[in-house]
Amino acid sequence: MTSGIHHVTLISRRVQANIDFYLGFLGLHLVKRTGGFEDPNQLHLFYGDASGSPGSLVTFLIWEDGSPGRVGHGQPSEIAFAIPPASIGFWLTRALQLNIQTTGPAQEFGEPVLRLKDPDGIIVKLVGTDALSEPAPWASRDIPETDSIRRLRGATVLTERPKETAHFLRSHFGYRETAATDAIRRLTSPSGDVIDVRDATGFWTAAPGTGTIDHIAFRAPDETTVLAVRADLEQEHAGATNAHDRKYFFSLYVREPGGSLCELATDGPGFAIDEPPDALGTELFLPPHLAGSNAAATLVRLPQFALPGEPRLTRRALPFVHRFYHPDETSDRTFVLLHGSGGNETDMLPFGHQIDPQATLLGVRGRSTEEGFPRWFRRLTMTSFDQQDIRSEAEAFVAFLDGARDGYGLDLRNVIFIGYSNGANLLAAVMLLHPGVIRHAVLMRAMSALEVPPIPDLSATNVLMLTGRDDPYGKHAPALKRILADTGANLEALDIDTHHGIGDDDIEAIRRWLAENGI
(Lines give C-alpha, C1' and ligand atoms only; values in the text may rest on other atoms or scores of the structure.)
Protein backbone atom coordinates (compact mmCIF):
# COMPACT_ATOMS: atom_id res chain seq x y z
CA MET A 1 0.00 0.00 0.00
CA THR A 2 1.28 3.50 -0.86
CA SER A 3 1.17 6.47 1.46
CA GLY A 4 1.24 10.23 1.38
CA ILE A 5 1.50 13.11 -1.05
CA HIS A 6 4.46 13.12 -3.43
CA HIS A 7 3.75 16.52 -5.04
CA VAL A 8 0.97 18.83 -6.18
CA THR A 9 1.10 20.37 -9.68
CA LEU A 10 -0.47 23.73 -10.47
CA ILE A 11 -0.68 25.98 -13.55
CA SER A 12 0.67 29.53 -13.54
CA ARG A 13 0.58 32.30 -16.13
CA ARG A 14 3.49 34.55 -15.12
CA VAL A 15 6.74 32.92 -14.14
CA GLN A 16 8.35 35.92 -12.44
CA ALA A 17 5.36 36.56 -10.19
CA ASN A 18 5.31 32.84 -9.36
CA ILE A 19 9.00 32.87 -8.43
CA ASP A 20 8.57 35.99 -6.30
CA PHE A 21 5.71 34.42 -4.36
CA TYR A 22 6.89 30.85 -3.82
CA LEU A 23 10.59 31.64 -3.41
CA GLY A 24 10.54 35.27 -2.35
CA PHE A 25 7.56 35.21 0.04
CA LEU A 26 7.11 31.58 1.06
CA GLY A 27 10.84 30.85 1.00
CA LEU A 28 10.62 27.50 -0.76
CA HIS A 29 13.63 25.99 -2.50
CA LEU A 30 13.73 25.81 -6.31
CA VAL A 31 14.90 22.21 -6.74
CA LYS A 32 14.45 21.67 -10.48
CA ARG A 33 13.69 23.61 -13.66
CA THR A 34 12.88 21.70 -16.84
CA GLY A 35 11.13 21.95 -20.17
CA GLY A 36 7.71 20.33 -20.25
CA PHE A 37 7.49 16.58 -20.87
CA GLU A 38 4.28 16.99 -22.88
CA ASP A 39 4.77 20.50 -24.31
CA PRO A 40 8.36 21.43 -25.22
CA ASN A 41 7.53 25.15 -25.05
CA GLN A 42 6.30 24.92 -21.47
CA LEU A 43 8.51 25.61 -18.46
CA HIS A 44 8.11 23.28 -15.48
CA LEU A 45 9.34 24.42 -12.05
CA PHE A 46 9.66 22.26 -8.92
CA TYR A 47 9.78 23.77 -5.42
CA GLY A 48 10.44 21.86 -2.23
CA ASP A 49 12.64 21.52 0.82
CA ALA A 50 16.45 21.44 0.92
CA SER A 51 16.70 18.07 -0.80
CA GLY A 52 13.52 18.09 -2.87
CA SER A 53 11.95 15.37 -0.74
CA PRO A 54 8.69 13.72 -1.82
CA GLY A 55 5.97 15.27 0.31
CA SER A 56 7.54 18.73 0.19
CA LEU A 57 7.10 19.33 -3.55
CA VAL A 58 4.83 21.76 -5.33
CA THR A 59 5.35 22.06 -9.07
CA PHE A 60 4.18 24.55 -11.70
CA LEU A 61 3.48 24.32 -15.38
CA ILE A 62 4.07 27.82 -16.76
CA TRP A 63 1.50 28.76 -19.40
CA GLU A 64 2.67 32.26 -20.33
CA ASP A 65 -0.08 32.55 -22.90
CA GLY A 66 -2.61 30.36 -21.13
CA SER A 67 -6.22 31.27 -20.52
CA PRO A 68 -7.44 31.44 -16.92
CA GLY A 69 -9.08 28.26 -15.70
CA ARG A 70 -12.13 27.87 -13.49
CA VAL A 71 -12.12 26.20 -10.10
CA GLY A 72 -14.95 23.72 -9.73
CA HIS A 73 -15.77 20.14 -8.92
CA GLY A 74 -13.58 17.52 -10.57
CA GLN A 75 -10.44 19.35 -9.49
CA PRO A 76 -8.33 20.18 -6.41
CA SER A 77 -8.99 23.69 -5.12
CA GLU A 78 -6.48 24.44 -2.33
CA ILE A 79 -3.01 23.47 -1.20
CA ALA A 80 -1.72 23.67 2.35
CA PHE A 81 1.80 23.93 3.75
CA ALA A 82 2.81 22.88 7.26
CA ILE A 83 4.54 25.41 9.49
CA PRO A 84 5.37 25.21 13.22
CA PRO A 85 2.30 26.28 15.25
CA ALA A 86 4.36 28.97 17.00
CA SER A 87 5.22 30.50 13.60
CA ILE A 88 1.70 31.70 12.75
CA GLY A 89 2.55 35.15 14.10
CA PHE A 90 5.75 35.30 12.06
CA TRP A 91 3.88 34.55 8.84
CA LEU A 92 1.04 36.94 9.60
CA THR A 93 3.57 39.72 10.19
CA ARG A 94 5.51 38.78 7.06
CA ALA A 95 2.36 38.87 4.93
CA LEU A 96 1.49 42.34 6.25
CA GLN A 97 5.01 43.62 5.61
CA LEU A 98 5.04 42.33 2.03
CA ASN A 99 1.45 43.40 1.28
CA ILE A 100 0.15 39.84 0.88
CA GLN A 101 -3.55 39.75 1.71
CA THR A 102 -4.44 37.10 4.29
CA THR A 103 -7.44 35.89 6.22
CA GLY A 104 -7.22 34.28 9.62
CA PRO A 105 -5.81 32.74 11.59
CA ALA A 106 -8.83 30.49 11.94
CA GLN A 107 -9.22 26.99 13.30
CA GLU A 108 -9.67 24.14 10.81
CA PHE A 109 -9.85 20.66 12.29
CA GLY A 110 -8.20 22.00 15.42
CA GLU A 111 -5.25 23.63 13.65
CA PRO A 112 -4.54 27.37 13.16
CA VAL A 113 -4.72 28.29 9.48
CA LEU A 114 -3.74 31.39 7.52
CA ARG A 115 -5.34 31.66 4.08
CA LEU A 116 -3.89 33.64 1.21
CA LYS A 117 -3.81 33.59 -2.58
CA ASP A 118 -0.88 33.24 -4.94
CA PRO A 119 -0.50 35.61 -7.94
CA ASP A 120 -2.78 33.41 -10.07
CA GLY A 121 -5.50 33.36 -7.42
CA ILE A 122 -4.91 29.81 -6.11
CA ILE A 123 -5.76 29.44 -2.41
CA VAL A 124 -2.68 28.64 -0.33
CA LYS A 125 -3.01 27.75 3.34
CA LEU A 126 -0.31 27.92 6.01
CA VAL A 127 -1.22 25.39 8.71
CA GLY A 128 0.34 25.33 12.16
CA THR A 129 0.94 21.66 12.93
CA ASP A 130 3.44 19.24 14.42
CA ALA A 131 1.80 16.26 12.72
CA LEU A 132 4.47 15.94 10.01
CA SER A 133 8.11 15.02 10.03
CA GLU A 134 10.73 17.49 8.81
CA PRO A 135 12.96 15.77 6.22
CA ALA A 136 15.12 18.74 5.22
CA PRO A 137 13.93 22.21 6.31
CA TRP A 138 15.06 25.02 3.98
CA ALA A 139 16.06 28.38 5.43
CA SER A 140 15.91 31.23 2.90
CA ARG A 141 17.50 34.68 3.04
CA ASP A 142 15.02 36.21 5.44
CA ILE A 143 13.10 33.24 6.87
CA PRO A 144 14.74 31.46 9.82
CA GLU A 145 14.78 27.68 9.73
CA THR A 146 12.68 27.67 12.89
CA ASP A 147 9.83 29.40 11.02
CA SER A 148 10.28 27.86 7.55
CA ILE A 149 7.72 25.77 5.73
CA ARG A 150 8.20 22.09 6.57
CA ARG A 151 6.40 20.28 3.77
CA LEU A 152 2.96 19.93 2.25
CA ARG A 153 0.22 19.61 4.84
CA GLY A 154 -2.37 18.63 2.25
CA ALA A 155 -4.82 19.61 -0.43
CA THR A 156 -8.57 19.98 -0.92
CA VAL A 157 -10.47 18.12 -3.65
CA LEU A 158 -13.87 19.31 -4.90
CA THR A 159 -16.21 16.53 -5.97
CA GLU A 160 -19.90 15.83 -6.58
CA ARG A 161 -19.25 12.24 -5.52
CA PRO A 162 -17.57 12.64 -2.11
CA LYS A 163 -18.27 9.10 -0.92
CA GLU A 164 -16.80 7.50 -4.05
CA THR A 165 -13.82 9.92 -4.13
CA ALA A 166 -12.96 9.19 -0.51
CA HIS A 167 -13.26 5.45 -1.09
CA PHE A 168 -10.96 5.66 -4.11
CA LEU A 169 -8.25 7.51 -2.15
CA ARG A 170 -8.53 5.07 0.75
CA SER A 171 -8.40 2.01 -1.49
CA HIS A 172 -5.48 2.95 -3.75
CA PHE A 173 -3.37 5.57 -1.97
CA GLY A 174 -3.32 4.41 1.65
CA TYR A 175 -5.48 7.09 3.29
CA ARG A 176 -7.97 6.65 6.10
CA GLU A 177 -10.81 8.91 7.18
CA THR A 178 -9.92 10.67 10.44
CA ALA A 179 -12.41 13.54 10.74
CA ALA A 180 -15.43 15.07 9.04
CA THR A 181 -17.69 18.11 8.93
CA ASP A 182 -20.99 18.55 7.11
CA ALA A 183 -19.15 19.26 3.84
CA ILE A 184 -15.65 17.78 4.24
CA ARG A 185 -14.26 14.31 4.78
CA ARG A 186 -10.66 14.52 6.06
CA LEU A 187 -8.42 11.68 4.93
CA THR A 188 -4.99 11.22 6.52
CA SER A 189 -2.00 9.18 5.34
CA PRO A 190 0.48 7.39 7.60
CA SER A 191 2.91 10.19 6.61
CA GLY A 192 0.61 12.66 8.33
CA ASP A 193 -0.54 14.73 5.35
CA VAL A 194 -4.23 15.15 4.58
CA ILE A 195 -6.66 15.25 1.68
CA ASP A 196 -9.88 17.12 2.41
CA VAL A 197 -12.65 15.74 0.19
CA ARG A 198 -15.18 18.55 -0.11
CA ASP A 199 -18.74 17.96 -1.28
CA ALA A 200 -19.21 20.42 -4.18
CA THR A 201 -22.62 19.16 -5.30
CA GLY A 202 -24.38 21.90 -7.26
CA PHE A 203 -21.17 23.85 -7.86
CA TRP A 204 -19.98 24.36 -11.45
CA THR A 205 -17.52 22.03 -13.10
CA ALA A 206 -13.82 22.80 -13.28
CA ALA A 207 -12.16 24.11 -16.43
CA PRO A 208 -8.40 23.69 -16.90
CA GLY A 209 -6.20 26.76 -17.23
CA THR A 210 -3.97 29.12 -15.33
CA GLY A 211 -4.83 29.66 -11.71
CA THR A 212 -5.91 26.06 -11.17
CA ILE A 213 -4.43 22.91 -9.65
CA ASP A 214 -3.75 20.29 -12.30
CA HIS A 215 -3.32 17.20 -10.13
CA ILE A 216 -2.19 15.65 -6.86
CA ALA A 217 0.54 13.02 -6.95
CA PHE A 218 0.80 10.34 -4.28
CA ARG A 219 3.87 8.44 -3.16
CA ALA A 220 4.97 4.97 -4.19
CA PRO A 221 8.22 3.30 -3.06
CA ASP A 222 9.11 1.91 -6.47
CA GLU A 223 7.98 1.16 -10.03
CA THR A 224 6.79 -2.32 -9.07
CA THR A 225 4.26 -0.78 -6.69
CA VAL A 226 3.05 1.65 -9.36
CA LEU A 227 2.47 -1.16 -11.84
CA ALA A 228 0.69 -3.24 -9.20
CA VAL A 229 -1.70 -0.36 -8.49
CA ARG A 230 -2.22 0.00 -12.22
CA ALA A 231 -3.22 -3.66 -12.44
CA ASP A 232 -5.70 -3.18 -9.58
CA LEU A 233 -7.21 -0.12 -11.27
CA GLU A 234 -7.58 -1.93 -14.57
CA GLN A 235 -9.20 -4.89 -12.85
CA GLU A 236 -11.71 -2.52 -11.24
CA HIS A 237 -12.33 -0.77 -14.60
CA ALA A 238 -11.38 2.50 -12.92
CA GLY A 239 -10.84 4.28 -16.23
CA ALA A 240 -7.88 5.11 -18.42
CA THR A 241 -4.43 4.92 -16.85
CA ASN A 242 -1.20 6.26 -18.33
CA ALA A 243 2.26 5.37 -17.06
CA HIS A 244 5.30 7.55 -17.81
CA ASP A 245 8.97 7.74 -16.97
CA ARG A 246 9.42 11.33 -15.80
CA LYS A 247 13.20 10.90 -15.30
CA TYR A 248 13.05 11.97 -11.64
CA PHE A 249 10.25 9.53 -10.86
CA PHE A 250 8.11 6.91 -12.58
CA SER A 251 4.42 7.67 -12.44
CA LEU A 252 0.88 6.64 -13.28
CA TYR A 253 -2.09 8.93 -14.00
CA VAL A 254 -5.74 8.14 -13.33
CA ARG A 255 -8.90 10.10 -12.57
CA GLU A 256 -10.81 9.47 -9.36
CA PRO A 257 -14.61 9.01 -9.63
CA GLY A 258 -15.27 12.72 -9.12
CA GLY A 259 -13.02 13.65 -12.05
CA SER A 260 -9.87 14.97 -10.37
CA LEU A 261 -6.60 13.81 -11.91
CA CYS A 262 -4.41 11.75 -9.58
CA GLU A 263 -0.84 10.62 -10.09
CA LEU A 264 1.13 7.88 -8.36
CA ALA A 265 4.85 8.70 -8.38
CA THR A 266 7.89 6.83 -7.12
CA ASP A 267 10.10 8.36 -4.44
CA GLY A 268 13.19 7.81 -6.58
CA PRO A 269 15.46 8.33 -8.30
CA GLY A 270 14.96 11.96 -7.23
CA PHE A 271 16.32 15.29 -8.41
CA ALA A 272 20.01 14.73 -7.65
CA ILE A 273 20.54 12.40 -10.63
CA ASP A 274 21.59 15.28 -12.89
CA GLU A 275 22.63 18.01 -10.42
CA PRO A 276 24.70 17.93 -7.22
CA PRO A 277 22.52 17.98 -4.09
CA ASP A 278 23.95 21.38 -3.12
CA ALA A 279 23.17 22.87 -6.56
CA LEU A 280 19.60 21.71 -7.15
CA GLY A 281 17.53 23.98 -9.36
CA THR A 282 20.42 25.97 -10.81
CA GLU A 283 20.39 24.54 -14.36
CA LEU A 284 17.62 24.33 -16.94
CA PHE A 285 17.15 20.78 -18.22
CA LEU A 286 15.18 19.31 -21.06
CA PRO A 287 13.41 15.95 -20.83
CA PRO A 288 15.51 13.21 -22.46
CA HIS A 289 13.27 12.95 -25.53
CA LEU A 290 13.77 16.68 -26.24
CA ALA A 291 17.53 16.83 -25.75
CA GLY A 292 19.74 16.76 -28.84
CA SER A 293 20.33 18.90 -31.88
CA ASN A 294 17.22 21.04 -31.36
CA ALA A 295 17.81 21.64 -27.64
CA ALA A 296 18.86 25.27 -28.11
CA ALA A 297 15.73 26.00 -30.14
CA THR A 298 13.59 24.67 -27.31
CA LEU A 299 15.48 26.45 -24.55
CA VAL A 300 15.21 29.93 -26.05
CA ARG A 301 11.41 29.60 -26.22
CA LEU A 302 11.10 28.99 -22.48
CA PRO A 303 10.35 32.07 -20.34
CA GLN A 304 13.23 33.40 -18.27
CA PHE A 305 13.12 34.74 -14.73
CA ALA A 306 15.28 36.17 -11.96
CA LEU A 307 15.62 34.65 -8.51
CA PRO A 308 14.94 36.90 -5.50
CA GLY A 309 17.80 39.36 -5.14
CA GLU A 310 19.05 38.92 -8.71
CA PRO A 311 18.96 41.71 -11.31
CA ARG A 312 15.82 41.48 -13.38
CA LEU A 313 14.14 42.88 -16.42
CA THR A 314 10.76 44.30 -15.40
CA ARG A 315 8.04 43.43 -17.88
CA ARG A 316 6.44 46.54 -19.33
CA ALA A 317 2.79 46.91 -20.31
CA LEU A 318 3.17 47.65 -24.02
CA PRO A 319 0.74 47.49 -26.98
CA PHE A 320 2.07 44.15 -28.29
CA VAL A 321 2.60 40.84 -26.53
CA HIS A 322 6.34 40.21 -26.47
CA ARG A 323 9.05 37.97 -25.05
CA PHE A 324 12.68 38.75 -24.23
CA TYR A 325 15.51 36.25 -24.30
CA HIS A 326 18.82 37.14 -22.68
CA PRO A 327 21.73 34.73 -23.24
CA ASP A 328 24.16 34.12 -20.40
CA GLU A 329 26.87 35.88 -22.39
CA THR A 330 25.57 38.80 -24.43
CA SER A 331 26.93 40.67 -27.43
CA ASP A 332 25.99 44.24 -28.34
CA ARG A 333 23.33 43.01 -30.77
CA THR A 334 19.60 43.09 -30.21
CA PHE A 335 17.25 41.42 -32.69
CA VAL A 336 13.58 42.38 -32.82
CA LEU A 337 11.83 39.42 -34.43
CA LEU A 338 8.47 39.46 -36.22
CA HIS A 339 6.73 36.17 -37.04
CA GLY A 340 4.78 35.16 -40.12
CA SER A 341 1.05 34.45 -40.29
CA GLY A 342 -0.07 32.12 -37.51
CA GLY A 343 3.11 32.53 -35.44
CA ASN A 344 3.62 34.14 -32.07
CA GLU A 345 6.23 35.98 -30.03
CA THR A 346 8.39 32.87 -29.51
CA ASP A 347 8.40 31.46 -33.05
CA MET A 348 11.36 33.47 -34.32
CA LEU A 349 13.48 33.27 -31.16
CA PRO A 350 15.31 30.06 -32.21
CA PHE A 351 16.04 31.59 -35.62
CA GLY A 352 17.54 34.71 -34.04
CA HIS A 353 19.57 32.56 -31.64
CA GLN A 354 21.01 30.61 -34.58
CA ILE A 355 22.14 33.82 -36.25
CA ASP A 356 23.95 35.04 -33.13
CA PRO A 357 23.83 32.94 -29.93
CA GLN A 358 24.96 35.97 -27.93
CA ALA A 359 22.33 38.41 -29.24
CA THR A 360 19.51 39.68 -27.05
CA LEU A 361 16.22 38.66 -28.64
CA LEU A 362 12.87 40.43 -28.53
CA GLY A 363 10.04 38.45 -30.12
CA VAL A 364 6.81 40.33 -30.78
CA ARG A 365 3.31 39.04 -31.60
CA GLY A 366 0.99 40.66 -34.14
CA ARG A 367 -2.35 41.89 -32.83
CA SER A 368 -4.57 41.09 -35.78
CA THR A 369 -6.08 37.62 -36.07
CA GLU A 370 -7.39 35.45 -38.86
CA GLU A 371 -9.44 32.43 -37.81
CA GLY A 372 -7.81 32.67 -34.41
CA PHE A 373 -4.21 32.87 -35.68
CA PRO A 374 -2.05 35.96 -35.10
CA ARG A 375 -1.18 38.26 -37.98
CA TRP A 376 0.18 41.79 -38.23
CA PHE A 377 -2.74 43.24 -40.19
CA ARG A 378 -5.94 42.04 -41.81
CA ARG A 379 -5.81 40.20 -45.11
CA LEU A 380 -8.62 40.64 -47.66
CA THR A 381 -7.32 38.10 -50.17
CA MET A 382 -4.06 36.17 -50.32
CA THR A 383 -2.35 39.23 -51.86
CA SER A 384 -4.49 42.22 -50.84
CA PHE A 385 -4.71 43.80 -47.40
CA ASP A 386 -6.73 46.21 -45.29
CA GLN A 387 -4.89 49.48 -45.92
CA GLN A 388 -6.21 51.30 -42.85
CA ASP A 389 -5.28 48.35 -40.66
CA ILE A 390 -1.72 48.35 -42.02
CA ARG A 391 -1.34 52.05 -41.19
CA SER A 392 -2.87 51.81 -37.72
CA GLU A 393 -0.84 48.72 -36.79
CA ALA A 394 2.35 50.30 -38.13
CA GLU A 395 1.65 53.32 -35.94
CA ALA A 396 0.95 51.07 -32.93
CA PHE A 397 4.20 49.19 -33.57
CA VAL A 398 6.13 52.48 -33.52
CA ALA A 399 4.47 53.29 -30.19
CA PHE A 400 5.54 49.86 -28.95
CA LEU A 401 9.12 50.61 -29.97
CA ASP A 402 9.00 53.95 -28.15
CA GLY A 403 7.85 52.13 -25.02
CA ALA A 404 10.49 49.42 -25.43
CA ARG A 405 13.15 52.08 -25.88
CA ASP A 406 12.15 53.89 -22.69
CA GLY A 407 11.16 50.84 -20.63
CA TYR A 408 13.90 48.43 -21.63
CA GLY A 409 16.67 50.85 -22.62
CA LEU A 410 16.79 49.78 -26.26
CA ASP A 411 18.95 51.84 -28.60
CA LEU A 412 16.77 51.75 -31.71
CA ARG A 413 19.59 53.10 -33.84
CA ASN A 414 21.44 49.82 -33.40
CA VAL A 415 18.57 47.32 -33.20
CA ILE A 416 18.32 44.82 -36.08
CA PHE A 417 14.74 44.07 -37.11
CA ILE A 418 14.12 40.66 -38.68
CA GLY A 419 10.74 39.87 -40.16
CA TYR A 420 9.37 36.83 -41.93
CA SER A 421 6.51 36.91 -44.44
CA ASN A 422 3.64 38.88 -42.88
CA GLY A 423 6.06 40.22 -40.25
CA ALA A 424 8.46 41.36 -42.98
CA ASN A 425 5.57 43.09 -44.75
CA LEU A 426 4.81 45.08 -41.60
CA LEU A 427 8.47 46.08 -41.22
CA ALA A 428 8.49 47.35 -44.83
CA ALA A 429 5.34 49.37 -44.12
CA VAL A 430 6.83 50.84 -40.94
CA MET A 431 9.97 51.92 -42.82
CA LEU A 432 7.91 53.63 -45.51
CA LEU A 433 5.32 55.22 -43.23
CA HIS A 434 7.65 56.13 -40.34
CA PRO A 435 11.10 56.71 -41.86
CA GLY A 436 14.04 56.72 -39.47
CA VAL A 437 12.49 54.46 -36.83
CA ILE A 438 14.09 51.32 -38.30
CA ARG A 439 17.76 51.61 -39.28
CA HIS A 440 18.60 47.94 -39.95
CA ALA A 441 16.05 45.48 -41.37
CA VAL A 442 16.05 41.95 -42.74
CA LEU A 443 12.95 41.15 -44.81
CA MET A 444 12.42 37.48 -45.59
CA ARG A 445 9.76 36.48 -48.17
CA ALA A 446 8.38 40.02 -48.23
CA MET A 447 6.06 41.83 -50.60
CA SER A 448 4.61 45.32 -50.74
CA ALA A 449 1.42 45.47 -48.67
CA LEU A 450 0.75 49.18 -49.23
CA GLU A 451 -1.26 49.95 -52.36
CA VAL A 452 -0.02 53.55 -52.58
CA PRO A 453 3.31 53.55 -50.75
CA PRO A 454 5.09 56.80 -49.91
CA ILE A 455 8.69 57.17 -51.07
CA PRO A 456 10.56 58.67 -48.09
CA ASP A 457 14.31 59.19 -47.81
CA LEU A 458 15.72 55.94 -46.37
CA SER A 459 19.34 56.60 -47.28
CA ALA A 460 20.35 55.99 -43.65
CA THR A 461 18.61 52.59 -43.57
CA ASN A 462 20.25 49.22 -44.26
CA VAL A 463 17.95 46.57 -45.73
CA LEU A 464 18.56 42.93 -46.62
CA MET A 465 15.72 41.39 -48.64
CA LEU A 466 15.70 37.60 -49.09
CA THR A 467 13.33 36.03 -51.63
CA GLY A 468 12.90 32.33 -52.28
CA ARG A 469 13.22 31.33 -55.93
CA ASP A 470 10.56 28.67 -55.44
CA ASP A 471 8.32 30.86 -53.27
CA PRO A 472 4.86 31.17 -54.87
CA TYR A 473 4.68 34.70 -53.46
CA GLY A 474 8.10 35.55 -54.85
CA LYS A 475 6.58 37.13 -57.98
CA HIS A 476 5.32 39.96 -55.76
CA ALA A 477 8.75 40.76 -54.32
CA PRO A 478 10.15 42.86 -57.24
CA ALA A 479 7.61 45.63 -56.62
CA LEU A 480 8.88 46.04 -53.05
CA LYS A 481 12.49 45.95 -54.26
CA ARG A 482 11.76 48.84 -56.66
CA ILE A 483 10.06 50.86 -53.91
CA LEU A 484 12.97 50.40 -51.51
CA ALA A 485 15.48 51.23 -54.24
CA ASP A 486 13.59 54.45 -54.96
CA THR A 487 13.88 55.48 -51.30
CA GLY A 488 17.68 55.40 -51.51
CA ALA A 489 17.94 52.66 -48.87
CA ASN A 490 21.19 50.72 -48.69
CA LEU A 491 19.41 47.69 -50.17
CA GLU A 492 20.78 44.23 -50.83
CA ALA A 493 18.21 41.95 -52.46
CA LEU A 494 19.02 38.27 -52.88
CA ASP A 495 17.16 35.39 -54.46
CA ILE A 496 18.04 32.15 -52.68
CA ASP A 497 17.34 28.52 -53.54
CA THR A 498 14.38 27.90 -51.27
CA HIS A 499 10.60 28.21 -51.06
CA HIS A 500 8.47 30.32 -48.69
CA GLY A 501 9.98 28.78 -45.56
CA ILE A 502 13.18 29.98 -43.91
CA GLY A 503 16.30 28.04 -43.03
CA ASP A 504 20.09 27.75 -43.15
CA ASP A 505 20.53 29.74 -46.37
CA ASP A 506 18.81 32.71 -44.74
CA ILE A 507 21.00 32.42 -41.65
CA GLU A 508 24.18 32.38 -43.73
CA ALA A 509 23.06 35.38 -45.78
CA ILE A 510 22.12 37.38 -42.68
CA ARG A 511 25.39 36.61 -40.91
CA ARG A 512 27.39 37.73 -43.95
CA TRP A 513 25.29 40.89 -44.36
CA LEU A 514 25.77 41.82 -40.70
CA ALA A 515 29.51 41.29 -40.93
CA GLU A 516 29.98 43.17 -44.21
CA ASN A 517 28.00 46.16 -42.97
CA GLY A 518 29.56 46.18 -39.51
CA ILE A 519 26.19 45.85 -37.83
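Which strands does helix 1 lie across, and at about how many degrees does this helix run to strand 3? The points below answer this and then turn to other features of the model, which is a predicted one.

1. **Helix 1 and the strands beneath its course.** Helix 1 lies across strand 1, strand 2 (29-35), strand 3 (43-48) and strand 4 (57-62). With respect to strand 3, the helix runs at about 5 degrees.

2. **The open sheet.** Strands 1 to 4 belong to an open sheet of 9 strands, in the order 14-15-16-13-1-4-3-2-17, with mixed pairing. Strand 14 (242-245) and strand 17 (284-285) stand at the edges; each has a single partner strand, so one side of each lacks a neighbour in the sheet.

3. **The pairing of strands 1 and 13.** Within the order given above, strand 13 stands beside strand 1. Strand 1 (residues 5-12) pairs with strand 13 (residues 212-220) in the antiparallel sense, over 6 bridges. As an example for the reader to locate, His-7 has Ala-217 in strand 13 as its bridge partner.

4. **Helix 4 on the sheet.** Helix 4 (residues 223-235) also packs on the sheet, where it touches strand 13, strand 14, strand 15 (249-255) and strand 16 (261-269). The direction of helix 4 makes about 15 degrees with that of strand 15.

5. **Leu-28, after helix 1.** Leu-28 is found in the loop between helix 1 and strand 2. Is this residue buried or exposed? Leu-28 is buried, because its relative accessible area is 7%, and the cut-off for a buried residue is under 20%. Apart from neighbours within four places in sequence, the contacts of Leu-28 include Tyr-47, Gly-48, Val-58, Phe-81, Trp-138 and Ile-149. The C-alpha atoms of Leu-28 and Ala-50 are separated by 8.6 Å, and these two residues are 22 residues apart along the chain.

6. **Aromatic pairs.** The model contains 20 aromatic pairs. One of them joins Phe-25 and Trp-91 edge-to-face, with 5.7 Å from centre to centre and 85 degrees between the planes. This pair links distant parts of the chain: Phe-25 is in helix 1 (residues 15-25) and Trp-91 is in helix 2 (residues 88-97), 66 residues apart. Phe-25 counts as buried because its relative accessibility is 3%, and Trp-91 counts as buried because its relative accessibility is 1%. A second edge-to-face pair is formed by Phe-324 and Tyr-408, with centres 4.7 Å apart and planes at 75 degrees. Here, too, distant parts of the chain are linked, since Phe-324 is in strand 18 (residues 322-325) and Tyr-408 is in helix 7 (residues 387-408), 84 residues apart. Both of these residues, Phe-324 and Tyr-408, are buried.

7. **A ring cluster and two charges over rings.** Ring pairs link Phe-21, Tyr-22, Phe-25, Tyr-47, Phe-60, Phe-90 and Trp-91 into a cluster. Elsewhere, the charged end of Arg-367 sits over the ring of Phe-320, 4.8 Å from the ring centre. The charged end of Arg-375 sits over the ring of Phe-377, at 5.9 Å from the centre.

8. **Helices 7 and 8.** How do these two helices pack, and at what angle? Helix 7 packs with helix 8 (residues 422-433) at an angle of about 80 degrees, and their axes are 9 Å apart. The two helices are therefore roughly perpendicular to each other. Among the residues that meet are Ile-390, Ala-394 and Phe-397 in helix 7, and Leu-426, Val-430 and Leu-433 in helix 8.

9. **Cis peptide bonds.** The peptide bond from Gly-104 to Pro-105 is cis, with omega near 10 degrees; Pro-105 is placed in strand 6 (residues 102-108). Gly-268 and Pro-269 are likewise joined by a cis peptide bond, with omega about 5 degrees, and Pro-269 lies in strand 16.

10. **Positive phi outside glycine.** Phe-109 has a positive phi, near 50 degrees, although this residue is not a glycine. Phe-109 lies in the loop between strand 6 and strand 7 (111-117), and is partly exposed, with a relative accessible area of 30%. Arg-445 also has a positive phi, of about 60 degrees. Arg-445 lies in the loop between strand 24 (440-444) and strand 25 (462-468), but is buried, with a relative accessible area of 3%.

Definitions and conventions
Residues are numbered from 1 along each chain as its sequence is written. This is a predicted model: local features need pLDDT of at least 70, side-chain atom pairs count only at pLDDT 80 or more; totals for chains, interfaces and linings use all residues. Side-chain values use heavy atoms; hydrogens and water are left out. Rings of Phe, Tyr and Trp (its six-membered ring) pair if their centres lie within 6.5 Å; planes under 30 degrees apart count as stacked, over 60 as edge-to-face and the rest as tilted. Helices (H or I, at least four residues) and strands (E, at least two) are DSSP runs, numbered from the N terminus. Buried means under 20% relative accessible area, exposed over 50%, partly exposed in between (1.4 Å probe, protein chains only). A charge sits over a ring if NZ of Lys or CZ of Arg is within 6 Å of the ring centre and within 35 degrees of the ring normal. Two strands pair if DSSP finds at least two bridges between them. Contact means heavy atoms within 4.5 Å. Axes are lines fitted to C-alpha atoms, for helices over the stretch in contact, and angles run from 0 to 180 degrees between N-to-C directions. Angles under 35 degrees count as roughly parallel, over 145 as roughly antiparallel, 65 to 115 as roughly perpendicular and the rest as oblique.
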